[in-house]
Amino acid sequence: MTRLSDIMENQDRLLFSKLFHKHRQVEVTLNRSVLAWKETEKSRKRSSGISNSAETAHIHALQVCEIVAVHTKDDDQDNKETRRSRAEAKQTSQLHPHAFTVSYVRRTRQHQWRCSEVTFHSANQALSEQWIKVINEQLALLTNRPKSLLVYINPYGGKRRGKRIYEQKVAPLFGRACISTDVIVTERANHARDHLKTEANLDKYDGVVCVGGDGMFSEILHGLISRTQTDNGVDPNQPDAELVPCSVHIGIIPAGSTDCICFATVGTNDPVTSALHIIVGDSQPMDVCSVHHNDSFLRYSVSLLGYGFYGDVLTDSERKRWMGPARYDLSGVKTFLSHNYYEGSISFLPAENNMGDPRDKLQCRSGCSVCQHKPSSKDTQWEMSEEKEKSDKVGGWRTIRGKFIAINAASMSCACPRSPKGLSPSAHLADGTTDLILVRKCSRLDFLTHLLRHTNKEDQFDHSFVEVHRVRKFNFQPQLNEMHSLEDLTETPNKTGFRPICSAQTNYNYQDSHSSWNCDGEILPHAAIRVSVQPQLIRLFARGIEEQQQCLLEDPCTLWALEPNTHYSVD
C-alpha cells in the first residue's frame, strides 16, 4: 500500500484546477500515478452553513492505471437523484457548461469490479479539453494495455449465453476504452484452436479473448501454444523440449458451466470484472503442464490432471452429455458408489525446498512473491543437468507404488464456487511446479470425509491415506499395459458395478482394467503418461486474486481525511 501523500509530493503535478463536481467546487490534481480531488474549504463552509467549519474534507483518489477512459460529458448524463439535486446539477451545467467524464475501476465485494464514472465541470472549454488531452496522454503511456483484440465466442457452452454476455456486457466496455475487436463466433469443436494454429494473423493483435468456459479456454491455449512453437521451430513431441512462451496474452470472459480457470485467477466468475482486467492490461503468468505418452504429445494442462476418481467421473459423464451440467453430479455420485481403485507406480521429481509446501497455507495471491521469479535459460539448463545427476541418487526422483482411488496433479488451486478452497489451496499459478495428490485405497467413509473437506475449512490432506508432493515432473505407469484405445473409452469399462455401502468387503481385483486421465475436462487416450511443468508459458489478462481486505470497501478510491496530518493511502 503506497501512501497518497508520498505519491503526490514525490511526483510533479501535471495539472491542477478548481473544477465543479456534483455542484460543489473541488480541487483536482493529476500526476503520473494518481488523479485526486477534494472539496475546497470555501465549498465546505458554504455546504455546512458554519463560518468556521471544523468539518474535514475527504479526498478521492484514482490510480491512473485503473482509469478506463476519459471523454466529453454526454448531454444525457444527468444526476438522477432528488429533484433538488437535478435542479442544482442543471444550474451547475449552466454556469459551467463544459465537462468531462472519467470512467474508472471501482471494487465491490467478492472480488468484483465495476466501471464507475466521475464528471467534472468547468466554465472554460479550453481547460476541459486540456484535462481530457493530458489524461489520455497518460493512458497512452500504459503500453501494457491492449488496443486490438481477437475475440472467440462459444455460443453453445454453459447455458448458451456467451454471445449475449459479450454483446451486452463486454463489447460496450471495450468500445468505451477504444479497443478494436475482431469477433469470431465458433461453429464447431476446435474451431478456435484450428484458426489460431493456421489462419490467425497474430501480429495484428495484443491479445486473444475467449468467451466461454474452461473447454473454450483450452482450445485457445492449445492453438496459441502450438502456433508459437511452430513459428519458433520447436517440436512439441519431444518431452524434454524447452517450449517458447507465448507473447500474446489470453483474456477469459466466463460464460461456461464451471469457469474454474477464471475463478482461480480473478476470484470471481463475473464477465464485467474480467473485461475490466483486460482493459487495464493486467498480466498474470501461468505455468502449463505438457503431457506426453512415450514420444508423442497428448495435451496441455493448466488446472487438473486427474486419474481414478476424477477420470472416471468425466468418462461416465461423457455418455450423459444430453443432461447438460447436471451430468457431473450424477456421474460423481455413481463413481463414488462404485469406489474403484487402481494399481500403478508414479515417479516424480520433487521441487526445491524454497518452492514451499502444499500444506504451508501460503496461498497464491495478487503480486505473489513465489511466482515473481522466472528461471532464466541458464537456470533451466542447470536444472536439467542436475536432474540427470540426481536421477539415480537419493534426493532426486522418487517412486511410489500402490493402489490409488485418485491421483491428482493441481497446477493451481482449482477453486470454484462449489469448492472455494479448491483441490490444493496453496498451489501457485506460476512457480514452475504442480501439486501431486495421491489418495490411496481407503473406505468409502474415509474418502467421503476427504471430499467433504474440499468444501469446508478443514485440511483435506490431513488423512493417513492422503499424501501430497510439490513436483516439477512426474511419470505414471499403470500396473498392466494399456488395453483400450480412445475409441474404447465410449464403451463400458470392465469394472465392477455398485457395491453395498456398508459392505465389509473392500478389496477388488482390477487386473483387466484401468482408469482414464481427466486433463482439464478432456479424456486422454493413454493411462501411461509423462508430465513436465513448463514455467510461465502463457500470460492471462488477470492479476491473481486480490487480498480480501482490498475488496471489502465499497469504493477504496474514497480516502477520508480525519485530521490535518493524516497520511492518505491509495490501492
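How many helices and strands does the protein chain have? I counted 13 helices and 24 strands in the protein chain. I note at the outset that this is a predicted model.

**Entry: the whole chain.** I looked up burial and found that buried residues account for 53% of the 571 residues. I then took the contacts between residues at least 6 apart in sequence; 77% of these join residues at least 24 apart. For the surface, I have about 27700 Å² exposed, with carbon and sulfur atoms supplying 48% of it.

**Entry: nonpolar cores.** I turned to the largest nonpolar core, which has 61 residues. Tyr-152, Phe-217, Ile-538 and Leu-540 touch the most other members. Helix α7, residues 214-231, gives the most to this core, with six residues. I also noted a second, separate core of 25 residues, with Val-105, Val-211, Ile-278 and Val-280 among them.

**Entry: Phe-217.** I set aside the neighbours within four places in sequence and listed what Phe-217 is in contact with: Cys-210, Ile-250, Ile-252, Ile-261, Val-302, Ile-538 and Leu-540.

**Entry: cavities.** I found five cavities of 30 Å³ or more. I picked the second largest, with a volume of about 60 Å³. Which residues line the second largest cavity? I listed Ile-250, Gly-251, Ile-252, Cys-262, Thr-265, Val-266, Ser-274, Ile-278, Leu-540, Phe-541 and Ala-542. Strand β12 (249-254) and helices α8 (260-266) and α9 (271-279) are the elements that give two or more residues to this lining. By class, I recorded eight nonpolar, three polar and no charged residues in the lining.

**Entry: cross-check.** I see Leu-540 in the lining of the second largest cavity, and Leu-540 is also a member of the largest nonpolar core. Ile-278 lines that cavity too, but Ile-278 belongs to the second, separate core.

Note on methods. Residues are numbered from 1 along each chain as its sequence is written. This is a predicted model: local features need pLDDT of at least 70, side-chain atom pairs count only at pLDDT 80 or more; totals for chains, interfaces and linings use all residues. Side-chain values use heavy atoms; hydrogens and water are left out. A nonpolar core is a set of buried Ala, Val, Leu, Ile, Met, Phe, Trp, Tyr and Cys residues joined through side-chain atoms within 4.5 Å. Buried means under 20% relative accessible area, exposed over 50%, partly exposed in between (1.4 Å probe, protein chains only). Helices (H or I, at least four residues) and strands (E, at least two) are DSSP runs, numbered from the N terminus. Contact means heavy atoms within 4.5 Å. On a 1 Å grid over the protein atoms alone, a cavity is a set of points where a 1.4 Å probe fits but cannot get out, and a pocket is an open set with protein on both sides within 12 Å along at least five of seven lines; lining residues have an atom within 4 Å of a point. Grid points are joined across faces, edges and corners, and a volume is the space filled by probe spheres set on the points. Ala, Val, Leu, Ile, Met, Phe, Trp, Tyr, Cys and Pro count as nonpolar, Asp, Glu, Lys and Arg as charged, and the others, Gly among them, as polar. Accessible areas come from the Shrake-Rupley method with a 1.4 Å probe; for residues, only the protein chains shown count as cover.
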